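Take a moment to look over the sequence and the fold. Then follow the chain step by step.

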Amino acid sequence: MMIQMSRAHFALAAMIALCTITTFSQKAPKPISPKKLDALEQTALTAMKAKAAELKVQGVAVASFAPGETIESWTSQMAVVGRMTDPAATDGRGNNMLGIAYAKSGEMARTHVNSGSAPGKPMVAEFYWQGGAIEKVKGGWLIVAFSGATGEQDFAVSQAGLAAMKAGL
């Protein structure tokens, strides 16, 4: 009986040691350098401008990268693609498309799904506007949003930016 207990304890200790070695030997993904990140975001904005021109739409493009598994910070760049505001909105107050693009980005940071497609009720400051795209990649999250056209057109522009960022990784 003592011999069997000793073997069981040895097997347990060996499994714990193996798990510990495996856990500590796995390398965390190398962070993206600021220079490469700047280039990725610029590439996304360039692709988004080209897609907006193809669709003959104007607005604001935002490209962001959030490092890590959970979104606790990000870097972003934006570009005005023709106009930042829409003073002739139907409600007479106008639209700040930069604000809308960042609202889409904020929603995606919380939900981890494309803007306008999360289940449930939006939180305060979320509007579930379509048009943003998000994807988990090695080392973090790519978040892109466009505002200025229909939700479908905004999403097409965002997808172009997302594809450009992914291609550069």
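The expected span of a helix is 1.5 Å times one less than its number of residues. Try that on helix α3, in this predicted model. With 15 residues, α3 should span 21 Å, and its end C-alpha atoms are 21 Å apart, which agrees. Helix α4 can be checked in the same way. Its 18 residues should span 26 Å, and its end C-alpha atoms are 26 Å apart, so the two values agree.

Now step back to the whole chain. It has 4 helices and 6 strands. Read from the N terminus, their order is α-α-β-β-β-β-α-β-β-α. The chain has 169 residues, and 34% of them are buried. Its accessible surface comes to about 10,200 Å². Carbon and sulfur atoms account for 62% of that surface. What about contacts along the chain? Take those between residues at least 6 apart in sequence: 57% of them join residues at least 24 apart.

Next, go inside. How many residues does the largest nonpolar core have? The count is 20. M48, V144, F146 and M165 have the most contacts inside this core. Several elements each supply at least two of its residues: α2 (34–55), β1 (59–67), β2 (75–81), β5 (132–137), β6 (140–147) and α4 (151–168). The largest share comes from α2, with 6 residues. Apart from this core lies another one, of 12 residues. Among its members are M97, A101, A109 and A145.

M165 gives a closer view of the largest core, as one of the residues with the most contacts inside it. Leave aside its neighbours within four places in sequence. M165 is then in contact with L40, E41, A44, A63, S64, L142 and V144.

Stay with helix α4. Which of its residues are buried? They are G151, D154, V157, S158, G161, L162, A164 and M165. Look at how they are placed around the helix. They cover an arc of only 160° around the axis, so they sit on the same side of α4. A general rule helps here. An α-helix has 3.6 residues a turn, so residues three or four places apart point the same way. On the other side of α4, E152 and A167 are exposed. What covers the buried residues of α4? The cover includes α2, β1, α3 (97–111), β5 and β6.

G151 deserves its own stop. This residue lies in helix α4. Its relative accessibility is 19%, and buried means under 20%, so G151 counts as buried. Leaving aside neighbours within four places in sequence, G151 is in contact with Q130 and G131. Compare G151 with G132, 19 residues apart from it along the chain. The C-alpha atoms of these two glycines are separated by 8.7 Å.

Return to helix α3. Its buried residues are M97, I100, A101, A103, K104, S105, E107, M108, A109 and T111. The list includes M97, A101 and A109, which also belong to the core of 12 residues. What covers the buried residues of α3 includes β1, β3 (85–86), β4 (95–96), β5, β6 and α4. Helix α4 is thus part of the cover of α3, and α3 is part of the cover of α4.

Now follow the loop between α3 and β5, where H112 is found. Phi of H112 is near 65°, a positive value in a residue other than glycine. H112 is partly exposed, at 34% relative accessibility. A125 has its place in the loop between α3 and β5 too. Phi of A125 is near 75°, again positive in a residue other than glycine. A125 is exposed, with a relative accessible area of 53%, since exposed means over 50%.

One more feature is left. A search of the whole structure finds 1 aromatic pair. How is such a pair described? By the distance of the ring centres and the angle of the planes. Here the partners are F127 and W129. Their centres are 4.4 Å apart, with 20° between the planes, and the pair is stacked. Are the two rings' residues buried or partly exposed? F127 is partly exposed, with a relative accessible area of 49%. W129 is partly exposed as well, at 35%.

Technical notes
Residues numbered from 1 in each chain as written. Predicted model: local features only at pLDDT ≥ 70, side-chain atom pairs only at ≥ 80, totals over all residues. Heavy atoms only, no water. Buried < 20%, exposed > 50% of the residue type's maximum accessible area, 1.4 Å probe, protein only. Contact = heavy atoms within 4.5 Å. Areas by Shrake-Rupley, 256 points an atom, 1.4 Å probe, with all protein chains shown as cover. Phe/Tyr/Trp six-rings, centres within 6.5 Å; stacked < 30°, edge-to-face > 60°. Core = buried A, V, L, I, M, F, W, Y, C linked by side-chain atoms within 4.5 Å. Arc of directions from axis to C-beta.
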